[in-house]
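Q: Could you walk me through one part of this model up close, namely the surroundings of the bound ligands?

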Amino acid sequence: MSRIFVLVASLALVPGLAGSELRPLVPPMLDNLSSVNRIGEAVALEQYDQVAQVALELMSRANAMKEIDLESVGIDPARDAQWDAFLQAQRDAAMLVLVAAEKKDPQEVQRATHQLFGNACLGCHATFRDPARLLRPSVHVMTQFLASWRDMNRGLAVNDFNLIETRARELGTLTGVISSDEMLESAFGLGGSKQRRVFRGFLREVTLSAERIQEAAKQEKLVDVLDASLDMWSKGCIACHDKFRR
Ligand code: HEC
Ligand code: HEC
């Protein structure tokens, strides 16, 4: 169990490390993403007190995001009512997560988490994110990464090893697609051979952990899946973001 505790604790720490020198909204957003991941993992381990803890964090983060000066993050202050409505949606859905955690009901936690994603996260992004960022090829690829990663965690939450395996394979395939010279150049703007080598090194971490996850999922070894998925997150996703995100 102690290994698992370390897993949850270190996921909580990751965004803090990654958060330096980022745009002001990015650190709370990476925390939001990490919260959603932690819900999936905590449910898989039946640690409902952790789920409840994350729900409370999502609520207080929504409160903190209300204090952000909208103009300073490039959002027209006249749209603050709309902004607040999405923050309220985050609080409402997090409250449902909390109630479901208190009932120790995995299906209900999952429904509430989907509501959180749809009404708060995706709703606000569709309304407020800079369209140019949404359309960049690199962001498009990463959105696919995120979707597979998220669904893999959903598999963990509902103990669906088939789903975990499928999504891990998908992540492995995506790294192959991203690795091509053409993709590195056109989507990620990586011209130099040294940069490409470093970038591919991080992709390789994702590929290797994806293979470990597939293997562990086949054997239905939950702790091994979690272990490999933490490696994917820290040595792949976060390590590469630290170096290559603008
Ligand atoms: C009230 C609006 C709002 C809500 C609610 C919201 N986001 Fe965001 N999110 C944004 C905006 C605006 C950005 C773009 C920030 C930027 O590019 O500076 C963003 C960006 C992100 C990013 C990308 C950060 C990056 O490095 O580019 C992630 C990941 C993210 N959000 C996750 C989430 C998750 C998960 C949730 C729900 C639990 C969520 N967000 C809820 C407004 C919101
Ligand atoms: C080899 C490098 C690399 C790896 C590995 C990587 N990413 Fe990314 N990711 C990037 C870069 C570069 C960006 C910035 C794209 C941009 O803004 O043009 C990014 C951006 C993102 C974004 C923000 C997209 C947005 O809407 O702004 C998300 C979410 C994301 N990555 C998720 C993930 C996840 C989840 C993983 C692991 C499963 C992962 N990434 C692994 C390089 C990587």
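A: Sure, one bit of bookkeeping to start: Ala, Val, Leu, Ile, Met, Phe, Trp, Tyr, Cys and Pro count as nonpolar, Asp, Glu, Lys and Arg as charged, and the others, Gly among them, as polar. By that split, the shell around ligand 2 has 15 nonpolar, 4 polar and 4 charged residues. Mind that this is a predicted model, where local features need pLDDT of at least 70, side-chain atom pairs count only at pLDDT 80 or more, and totals for chains, interfaces and linings use all residues. Residues are numbered from 1 along each chain as its sequence is written, while chains are lettered from A and ligands numbered from 1 in the order in which they are written.

Of the 23 residues around ligand 2, the nearest are Ser138, Met142, Phe202, Cys237 and Cys240; a residue is near if its C-beta atom, placed from the backbone, lies within 6 Å of the molecule. Two or more residues of that shell come from each of α7 (137-157), α10 (193-218) and α11 (222-244), where helices are DSSP runs (H or I, at least four residues) numbered from the N terminus. The biggest giver is α7, with 7 residues.

Now for ligand 1. Its shell holds 19 residues, with Met29, Asn32, Phe86, Cys121 and Cys124 closest. Helices α2, α4 (80-102) and α5 (106-128) each supply at least two, and α5 has the largest share, 6 residues. The makeup here is 13 nonpolar, 3 polar and 3 charged.
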